[in-house]
Amino acid sequence: AVANAGDGIGMMTFTNLTLASGASSGSPRVLLTLGGTSSHAADPTVAAQVTAFKDSASGGLYDSIKVTGALGLNAGSTIKVELAAGYNPVWGDVFNIVDWATLNLNADGTSGAFTVADLVVPTNLGNGWFFATDQFLSNGIIYVVPEPSRMLLLLSGFLLLARCRRR
């Protein structure tokens, strides 16, 4: 990794930061470790509950980056997230891993745009949960939700329950 918060968990603060392309999941530009969070959405399937944490601090529980000016990203400027030993994320955990004043997703103008495919997150969280990354490019947030098929099963159960209660 080109940049990480060292051996401990913490926040890296920059005035301006541009991450070059050419990285991979095995050799990311930034490596962030999650060791816990005090930010929990009661229902992470409701976007407003998740985005309410867009300005939350890590509280020393996970690595984060704060850019007070411009953050420049490119296709291949990989950001990798890993879990600290012994930490198991739970439903509704929210992590505000990157903050910026302005964001340029194609900073060098030639490599192409950074996408959530350039954000590498742990995939096997257990209990059918995974990290949702849909709020990363707009708010710098990742959060824990059920896998989509499990979510459909839960929704189906709630609809059946509501239908039975009407009768």
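Q: In which strand is asparagine 96 found?
A: Let's start by finding this residue in the model, which is a predicted one. Look along the chain for asparagine 96, and you'll land in strand 7.

Q: Is asparagine 96 buried or exposed?
A: Here we need a cut-off: buried means under 20% relative accessible area. Asparagine 96 has a relative accessible area of 3%, so this residue counts as buried.

Q: With which side chain does the side chain of asparagine 96 make a polar contact?
A: Leaving aside neighbours within four places in sequence, asparagine 96 is in contact with several residues, including Phe53, Tyr62 and Ile141. For the polar contact, though, look at the pair 3.0 Å apart: the partner is the side chain of aspartate 99.

Q: Which strands stand at the edges of the open sheet with the order 7-11-10?
A: This sheet has three strands with antiparallel pairing. An edge strand here has a single partner, so one side is left without a neighbour in the sheet. That fits strand 7 (94-96) and strand 10 (129-132).

Q: Which residue in strand 11 stands opposite phenylalanine 130?
A: Strand 10 and strand 11 (residues 141-146) run antiparallel and are joined by four bridges. Look across from phenylalanine 130 into strand 11, and you meet valine 145.

Q: Which residues touch the most other members of the largest nonpolar core?
A: This core has 26 residues, and strands 4, 5, 6, 10 and 11 each supply at least two of them. Leucine 34, for one, touches Val81, Ile97 and Ile142, among others. The residues asked for are Leu34, Ile79, Ile97, Leu119 and Ile142.

Terms used. Residues are numbered from 1 along each chain as its sequence is written. This is a predicted model: local features need pLDDT of at least 70, side-chain atom pairs count only at pLDDT 80 or more; totals for chains, interfaces and linings use all residues. Side-chain values use heavy atoms; hydrogens and water are left out. Two strands pair if DSSP finds at least two bridges between them. Helices (H or I, at least four residues) and strands (E, at least two) are DSSP runs, numbered from the N terminus. A nonpolar core is a set of buried Ala, Val, Leu, Ile, Met, Phe, Trp, Tyr and Cys residues joined through side-chain atoms within 4.5 Å. Buried means under 20% relative accessible area, exposed over 50%, partly exposed in between (1.4 Å probe, protein chains only). Contact means heavy atoms within 4.5 Å. A polar contact is a pair of N or O atoms within 3.5 Å; within protein, one must be able to donate a hydrogen and the other to accept it, and residues adjacent in sequence count only if both atoms are side-chain atoms.
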